[in-house]
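The following exercises concern the strands, buried residues and salt bridges of one protein structure. Each task is followed by a solution in steps.

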Amino acid sequence: QVMLVESGGGSVQAGGSLKLSCAVSGYKYSTYSMGWFRQAPGKEREGVAVIDSGGRTIYADSIVKGRFTIGLDRDSRQLRLNLQMNNLEPEDTAVYYCAAGPPMRQIPGLELKARSFGHWGQGTTVTVTS
């Protein structure tokens, strides 16, 4: 059974930083994409950043603006997806979800689309105050 568990959300003032983490277990495929998505109240879920098992990354430039970095830590027991977020803005306030899905070569042009990913965590809330 695939499980994704996010952590690291919280409340921070504008200009501050947070690091989100997602512990992934039970994902048996050797090639994959892992991504961060977010959903603000009343808005659709949107892709923030995706990384695949080969290390390739894609960012939603209009959201990230050079402030976020996605990373993947792999050891023999667990896969962990991270998102370092710097210079946060109130517009970044949302529930952040991690997701797992097929490698990027299988979803060309759809790498930042939520429908490309079949496994999701429960989300962690990020609140940025001005």
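**Exercise 1. Partners of strand β9**

Determine the bridge partner of alanine 100 in β10, and then establish which strands are joined to β9.

Solution. Step 1: alanine 100 has histidine 119 as its bridge partner in β10. The model is a predicted one, in which local features need pLDDT of at least 70 and side-chain atom pairs count only at pLDDT 80 or more, while totals for chains, interfaces and linings use all residues. Residues are numbered from 1 along each chain as its sequence is written, and side-chain values use heavy atoms, with hydrogens and water left out.

Step 2: β9 and β10 run antiparallel and are joined by two bridges. Strands and helices are DSSP runs numbered from the N terminus, a strand (E) having at least two residues and a helix (H or I) at least four; two strands pair if DSSP finds at least two bridges between them.

Step 3: strand β4 (residues 33-39) pairs with β9 in the antiparallel sense over seven bridges. Here methionine 34 stands opposite alanine 100.

Step 4: strand β11 (residues 124-129) is also antiparallel to β9, with three bridges between them. Valine 126 in β11 is the bridge partner of alanine 94.

Step 5: seven of the eight residues of β9 are buried, so this strand is largely enclosed by the rest of the structure. Buried means under 20% relative accessible area, exposed means over 50%, and partly exposed lies in between (1.4 Å probe, protein chains only).

**Exercise 2. Salt bridges between separate parts of the chain**

State how many salt bridges the structure holds, and locate the residues of three of them.

Solution. Step 1: there are five salt bridges in the structure, a salt bridge being a side-chain nitrogen of Lys or Arg within 4 Å of a carboxyl oxygen of Asp or Glu.

Step 2: one salt bridge is formed by arginine 56 and glutamate 111, whose closest N and O atoms are 4.0 Å apart. Arginine 56 belongs to the loop between β5 (46-52) and β6 (57-59), and glutamate 111 to the loop between β9 (94-101) and β10 (119-120); the pair links distant parts of the chain, 55 residues apart. Arginine 56 is partly exposed at 44% relative accessible area, whereas glutamate 111 is buried at 10%.

Step 3: glutamate 89 and lysine 65 meet through their side chains in a salt bridge (3.1 Å, N to O). Because glutamate 89 is in the loop between β8 and β9 and lysine 65 in the loop between α1 (61-64) and β7 (68-74), this pair ties together parts 24 residues apart in sequence.

Step 4: a further salt bridge joins the side chains of aspartate 92 and arginine 67 (2.6 Å, N to O). Aspartate 92 lies in the loop between β8 and β9 and arginine 67 in the loop between α1 and β7, so parts 25 residues apart in sequence are tied together. Aspartate 92 is buried, at 1% relative accessibility, and arginine 67 is buried, at 7%.

Step 5: Arg67 and Asp92 are linked with Arg38 and Glu46 in a network of salt bridges.

**Exercise 3. The surroundings of asparagine 82**

Decide whether asparagine 82 is buried or exposed, and identify the side chain with which its side chain makes a polar contact.

Solution. Step 1: asparagine 82 is part of strand β8 (residues 79-85).

Step 2: its relative accessibility is 8%, so asparagine 82 counts as buried.

Step 3: the side chain of asparagine 82 makes a polar contact with that of aspartate 73, at 2.9 Å. A polar contact is a pair of N or O atoms within 3.5 Å; within protein, one must be able to donate a hydrogen and the other to accept it, and residues adjacent in sequence count only if both atoms are side-chain atoms.

Step 4: leaving aside residues up to four places away in sequence, asparagine 82 touches residues including Lys19, Trp36, Ile70 and Asp73, where contact means heavy atoms within 4.5 Å.
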